[in-house]
Every structure is written in structure tokens, then in C-alpha cells.
Amino acid sequence: MHVSFDSHRYPYSSKRNVVYGRRGMVGTSQPLAAEAGLAILKKGGNAIDAAIATAACLTVVEPTSNGIGSDCFALVWTKGKLHGLNGSGQAPQQLSIEAVTAAGHKELPKYGVVPVTVPGTPGAWAELSRTFGKLPLADVLAPAIEYAENGYPLSPTLAHYWQEGYRQFSSYRERKEFASWFETFAPNGRPPQAGEIWSSPDHAETLRLIGETEAKAFYQGEIAEKIASFFKEHQGFLRQEDLVAYKPEWVDPIHTDYRGYQVWEIPPNGQGLVALEALNILKGFEFKERENGDTYHKMIESMKLAFIDGMTYITDPRHMTVTQEELLSDQYAAERRALIGEEALHPQPGTPQSGGTVYMATADEEGNMVSFIQSNYMGFGSGIVVPGTGIAMQNRGHNFSLDPAHDNALAPGKKTYHTIIPGFLTKGDQPVGPFGVMGGFMQPQGHVQVVTNAIDFALNPQAALDAPRWMWSGEKTVYLEPHVPQHIVQELRRRGHDVQIGLDIGLFGRGQIIWRDPETGVLAGGTEPRTDGHLAVW
């Protein structure tokens, strides 16, 4: 470029305004993907088509968070009803506690072939398209294919996490199963930089096959054969019969009532239940102002209690020892709320039976809205790219426990505790709109903060995302963003919290919000300032 600048340096604070539109809106963490979704709306697609297009594009333009080998979840509002789709995959039939321990592991490893479960994303795209879409899947995937084939310039946050991923996998460079990752994502022997063009023709061809076959090629055709052959060659556990057996699952969304609004989440194996339990506890308190030490304290304590329950009980619902109804009962919320005092708690799981990803939100002029989340789990995922396909595989199996007594214990064909969660807000029989905050175990914490920002403190969609965030990380440790007021930092320390200032803004998640006015149909959106967030609007 003729002008020299640093795309990572922003010495002055900046402000985004709420974005309004009427005919359509797409919000996500990468501008090219958001605009791809809007282009599909303009071609006659609906919000569901736009969500699929955006999701597919994100596998190309934000591979640091997701890929074709990801899992996903969706909440879809259409024709007056909210639908849930669980697009997470199961553990391979050969993956068991005995097999993992026999291979010398004390826990499921983070990287390599072992932690890979069946990817659910391609099947979920096809299922959404068949059920609610207006355009052929091949047309909807066209923008993603074009970017994969011809390339695009990296955005700043993307480049930062690409560099982090490269650094993370550098110690695996000599292992054969990681060779394709380096060939794909570091083709010149280094990660691409911000503004530098990257492409993946293999990725484009795989997307083309997924579109033409409505994902059949991925689960029972030539792509499935390549995946299974690679895993067998490198002593992995994923096989073709595991892929053939996969089907996305339509589920009934779960909700809680919070001050006259209904907050909706996907049921377990997702961790949305954690957000709902925390809100159930919080609705017994009244908050006068947001930037108040007591407000922060009660929210953090409520989240701790809900989270420790989630980490104890959430797994594949067929294996849970408590029900979601028990965890979300008002009686149980009151029991947990009674534990919150003036001092920070060291949280312990309760006994209810006795009483971090990419996110996108879409909306169209017909009133359809989608809350959609898709993830490799940890950055680039397992570090495994199936040669000749561009498919980066998730490492979701790392969440399984090897303790046979744990609810989330590894078992063949079982789905693990899942961090990714889309959110949706309604009031009575009217939709308010989709919202979400991605980022591992930050996600339910982000949901609670965004919902309370909007409902308790009447913040507009952009301000609800801009507001300083906190993140509980275990025991009494809580991370605060640097711009949390000092008087709050000091009060939390006096109350016994181990307060850390989080200098990496990536800790605190990345979100999007779209609210719809039921009278006018006008859409109001906010996008994440902590990343390359973008709202495409019509």
C-alpha cells in the first residue's frame, strides 16, 4: 500500500452506532462473511439461506475459529415458532476410555487425531437448507467457494489469531499427521499477515461437493472415504461408519422467563443451560445500576453457581443424571441464590434432584431470524487438515472426561458437553431477536451479560456489546476488562474475589445482536468491537 500503517494499533477510542435496516441484516465477526450473507438475501434467499452462506464463508475467511470439520447449533424463528437444530457430532465407535488410556493418555489430548469427533456442520447446513431455505444449497455456498478459490485479504484480528495458531502448532511440525495443516495454513512457511491474500482451492472443491450433493459426499461419498482413510493411517478413531451414522437433530429449545422476556437456548449437550440457570438466580435480585460493585458481585456469584452445575451435569442428555427441568426450577434457583452473600464463594455443585467459535445473526423482511454458532472448539481445532480437502477438523472430544463416574464420561457414540450456544429473545408470542457471544466457556457468561445489559439496563444492541465484560475462570478468579471502573475492581477484591485484569480482549468473547420491532419490522443491530465485527444491512 502507498500509505504505511499498523492494522493492530488503535490509540484512540472509537464508537459504533446502532445499525438500522428493514429488508435484511447479517451480523458476524468478519465483514466478508456478513456481506456474503446479505448478497444471498438480495438474490432472493431468506434469513436461513443467509445464515448458511455466512457460516460457510466463515470456514474460509475465519479458519482460526471454525472450519468444514466443525460442529454447529442453530435457533431458527420462522412462521411464528422457534426451532432448534443440534449440529454436534458423536464420538467415534472406536473411541473409548479404554482405547484412550491404552494409548498412554491420562486425558483426551487437545490436538491430533484422537480428540476428533464426527463433524456436524456440513450435515446441519444441508438440513437447514432442506427444511427452511429458499435457494439450492449449491447457490448458497457460492460466495464461500469464490473466496476459497480466488482468495481474500486477511483482516487484522484474523491475522492475529492465525499467528497464534501457527505458534501453537509449531512444535508439531515434524509429525506427519500435521503436515497438511502447515501446507494449507502456512503455504509460504509462515502464517499470512493482515492484508495478505490467502486461498485454498481444496477447500473450494470440498464446498462445491457439499453443495452439489447436499452434504452426502461428506458423510458417505468420496470426502468420507478420504477422511476415514487418513484417520486409519494415523491411528485415529474416526471411521466411515461413524460419518454414515451422523444425522443433525431437531430439538425443542429451552428457556427461562427473565423480567417479562423469554431467553431461549439449545438444550444439552450445549451449555446454554448454564446461562439460563444463572439468569434464574439473578431474577431474584434488583439492580439499580450496571457499574456498581454489588451488581458485578451478584452476577459473578450467580454465574459461578450455575457453571459448576453445568460442568458437573451437562453432557449428552441420554447420559445426564439430573434433568434440565430440575436445574431450571424456581425452587432450585432460590436454593442457589441463598448461598450468595457479601463474600466471594468457592463454588460447589448443587443437588437439584432433591428439590468458548464464530457466531452470526441474520434477519429478513419476512420476519425470519436465525441465531447460529459454529466452532472448531479451540482455534484451528485439532490441527488436523485432511489432505486434498481443506477440511480442518475440530477437537471437540477433548471435553470428554476419562472418569467413568462422570456424567460427561467418554463413551462410543456419545455427544460431549458443548461450549457453543446460540441465544434468542422473545416477549410473549413475539420475537425480539437473535443474540450470541462466542468464545469457549465465556459464552454463557457473555449471554448473561448481554441479556442483563439489554433488559436490566436498557442498553441498545451496540452498547450492550460495548459494555465492559468480566469472565469467571474457576474458584474465586475473575478476569475483568481493563476499562472496568477502578472502584469496582477494588470492591470485588475487598469481597474476596481474585481479580485479574485481562489484557487479551479475546478472553471476553465476540458477539452480535439483532432486535426486530414487531410494529414496523425495523431491524436494529450491534456488532462486536473486540474483533473484525460487521453488520451488513439492507
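**Close-up 1. Strands E17 and E18 run parallel in this predicted model.** Strand E17 covers residues 477–480, and four bridges tie it to E18. For a register check, look at Thr-477, which sits opposite Asp-498 in E18.

**Close-up 2. Here's the three-stranded sheet that E17 and E18 belong to.** The sheet is open, its order is E16-E17-E18, and the pairing is mixed. Out at the edges are E16 (470–474) and E18 (498–501), each pairing on one side only. Ignoring direction, neighbouring strands in this sheet are turned by 30° against each other on average.

**Close-up 3. Helix H14 packs on the three-stranded sheet.** This helix spans residues 293–313 and touches E16 and E17. The direction of H14 makes about 40° with that of E16.

**Close-up 4. Now for an open sheet of seven strands.** Read across, the order is E1-E20-E19-E15-E14-E9-E8, with antiparallel pairing. Strand E1 (19–21) and strand E8 (254–258) each have a single partner strand, so one side of each has no neighbour in the sheet. The average turn between neighbouring strands here is 20°, direction ignored.

**Close-up 5. Zooming in on the E8 edge, we get its pairing with E9.** Five bridges join E8 to E9 (residues 261–265), and the two run antiparallel. Thr-256 faces Val-263 in E9 as its opposite number.

**Close-up 6. Helix H17 packs on the seven-stranded sheet.** Which strands does H17 touch? The helix, residues 443–455, touches E8, E9, E14 (423–427), E15 (430–438) and E19 (510–516). Its direction makes about 140° with that of E15.

Methods: Residues are numbered from 1 along each chain as its sequence is written. This is a predicted model: local features need pLDDT of at least 70, side-chain atom pairs count only at pLDDT 80 or more; totals for chains, interfaces and linings use all residues. Side-chain values use heavy atoms; hydrogens and water are left out. Two strands pair if DSSP finds at least two bridges between them. Axes are lines fitted to C-alpha atoms, for helices over the stretch in contact, and angles run from 0 to 180 degrees between N-to-C directions. Contact means heavy atoms within 4.5 Å.
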